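Please look through the sequence and the model below before reading on. The report that follows moves from single residues to the whole chain.

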Amino acid sequence: MDNEPQYVDLGLSSGKLWTTSNLGAEESNDVGDYYRFGETESVSNVPYKFTLANGEYSKYHKDGRRHLEYEDDAVTKKYGLRWHIPTILDFFELKQTCELKAFPNGVLFISRVNGNQLFLPSDGNPKTIRYATAGVENDENLICVFLFGAKVSYEYGVGKLPRDSTFLVRGVGYPEKVEHQPYMGHEYVDMGYGFMVAEKDFLSDSTLSAGPLFWINDKGQLCQLINSESQCNVKYKKKGKESVILLEDDIIRQNWKGEWRIPTQREFAFILSICHIEFILLDEKQSKCAYKLTSTVTGNVIYLHIDMGQTSSEDCPCFQIKYGTSTLCGDKWHTTITNCKGRSSEEILMLGMRSKFDACHLRPIFRK
């Protein structure tokens, strides 16, 4: 690409690459331009892009969005879809992988993996150096920023500042897509941090169709939905304590072999946390809907399918995201929760508990 940026490989576990200079800078030690959250042009005298007359914001405010969409990402606009503004996880990975050296004009990161270096220049602020991230805080009026203290140690972490404040911007990018062979005969997607997720639901015919529903039977095993009146026994019934389905009872492991299995609650939650999530309509005629999960680590995509239901309100469709995990707790199992807020990506970021008699789809994973 003509607009491909200069970048450095620091040997990060995610495989991500960092651009060598800030947006608007010609050299790595130049500060570059200032931006406000969600604006793709550098700061000017015009009002903040998302400000409304009543003091609220027209986007990323009470709409469930917690992560910059591509259209509002200044790095993506300049360099293309492989590149974006770093997340908080990106900055923490940088901290964990590198040694820091402080200078009057910025901070140098030296990779402990391969010795490569990245320099983040100071903006001249006597107290902090602040860089934008792609996340909105839960109170919706503040955004997450990465702050570098003015001390020689340059201790740093997450800060919270008004979204119309100005920040420096650095880019991170996905590595080029790597072709791979199916694992044990099944296609998978690399979502980052060692998580390999099946392209489609367990026993589904297509990535664009949901698989069959499964429930916990009276032997503690996952079985295709046949009789929801069967009674649970005590195999995994530890009152008030969590347990994980044994591999001998894992229907995915028994069918797909290898390292394939049902994800635990914590694994599913982590995968969701590293993805940009958006509601999409797959087939308008058949009312097929899904959430498109784009990994912020690798840029790869999977789809989680929505079961259409109806709430007590006739004009409020109920979007049920029903995916099971291998984590149980008493008579319940951890699953994705029901979302009756329409096209909100926020609800899917949470997992809750259902009765063992509630049926769910399954999405196989394995770890590398």
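Is M184 buried, partly exposed or exposed? With a relative accessibility of 43%, M184 counts as partly exposed, where buried means under 20% relative accessible area, exposed means over 50% and partly exposed lies in between, using a 1.4 Å probe and protein chains only. The model is a predicted one, in which local features need pLDDT of at least 70 and side-chain atom pairs count only at pLDDT 80 or more, while totals for chains, interfaces and linings use all residues. Residues are numbered from 1 along each chain as its sequence is written, and side-chain values use heavy atoms, with hydrogens and water left out.

**Two loop residues with positive phi**

M184 lies in the loop between β10 (172–173) and β11 (188–192), where helices (H or I, at least four residues) and strands (E, at least two) are DSSP runs numbered from the N terminus. Although M184 is not a glycine, its phi is positive, at about 55 degrees. Y193, which is likewise a residue other than glycine, has a positive phi near 55 degrees. Y193 is placed in the loop between β11 and β12, and with 22% relative accessibility Y193 counts as partly exposed.

**An open sheet and a buried helix residue**

Four strands form an open sheet in the order β1-β2-β10-β3, and their pairing is antiparallel. β1 (7–8) and β3 (83–84) stand at the edges with a single partner strand each, so one side of each has no neighbour in the sheet. Strands are said to pair if DSSP finds at least two bridges between them, and β1 pairs with strand β2 (residues 17–19) in the antiparallel sense over two bridges. Within this pairing, Y7 has T19 in β2 as its bridge partner. In general, the strands of a sheet pair through backbone hydrogen bonds, in either a parallel or an antiparallel way.

D90 is found in helix α2 (residues 88–97), and at 2% relative accessibility D90 counts as buried. Leaving aside neighbours within four places in sequence, D90 is in contact (heavy atoms within 4.5 Å) with K16, W18, H84 and V172. With K16 there is also a polar contact between the two side chains, at 3.0 Å. A polar contact is a pair of N or O atoms within 3.5 Å; within protein, one must be able to donate a hydrogen and the other to accept it, and residues adjacent in sequence count only if both atoms are side-chain atoms.

**Aromatic rings**

Rings of Phe, Tyr and Trp (its six-membered ring) pair if their centres lie within 6.5 Å, and planes under 30 degrees apart count as stacked, over 60 as edge-to-face and the rest as tilted. By this rule the count comes to 16 aromatic pairs, and two of the pairs are set out here.

| Pair | Centre to centre | Angle between planes | Class |
|---|---|---|---|
| W18 and F91 | 5.4 Å | 65 degrees | edge-to-face |
| F195 and F270 | 5.6 Å | 35 degrees | tilted |

The W18 and F91 pair links distant parts of the chain, since W18 is in strand β2 and F91 in helix α2, 73 residues apart. W18 is buried at a relative accessible area of 1%, and F91 also counts as buried, at 1% relative accessibility. The F195 and F270 pair links distant parts as well, with F195 in strand β12 (residues 195–198) and F270 in helix α4 (residues 265–273), 75 residues apart. Here F195 is buried, with a relative accessible area of 5%, whereas F270 is partly exposed, with 28%.

Y183, Y188, F202, F214, W256, W260 and F366 form one aromatic cluster. A charge sits over a ring if NZ of Lys or CZ of Arg is within 6 Å of the ring centre and within 35 degrees of the ring normal. The charged end of R367 sits over the ring of F195, 3.9 Å from its centre, and that of R163 sits over the ring of Y57, 4.1 Å from its centre.

**A buried lysine and the whole chain**

K356 lies in the loop between β23 (351–355) and β24 (365–367), and at 3% relative accessibility K356 counts as buried. K356 and K332 are 24 residues apart in sequence, and their C-alpha atoms are 5.0 Å apart in space.

Taken as a whole, the protein has four helices and 24 strands, and buried residues make up 51% of its 368 residues. Among contacts between residues at least 6 apart in sequence, 56% join residues at least 24 apart.
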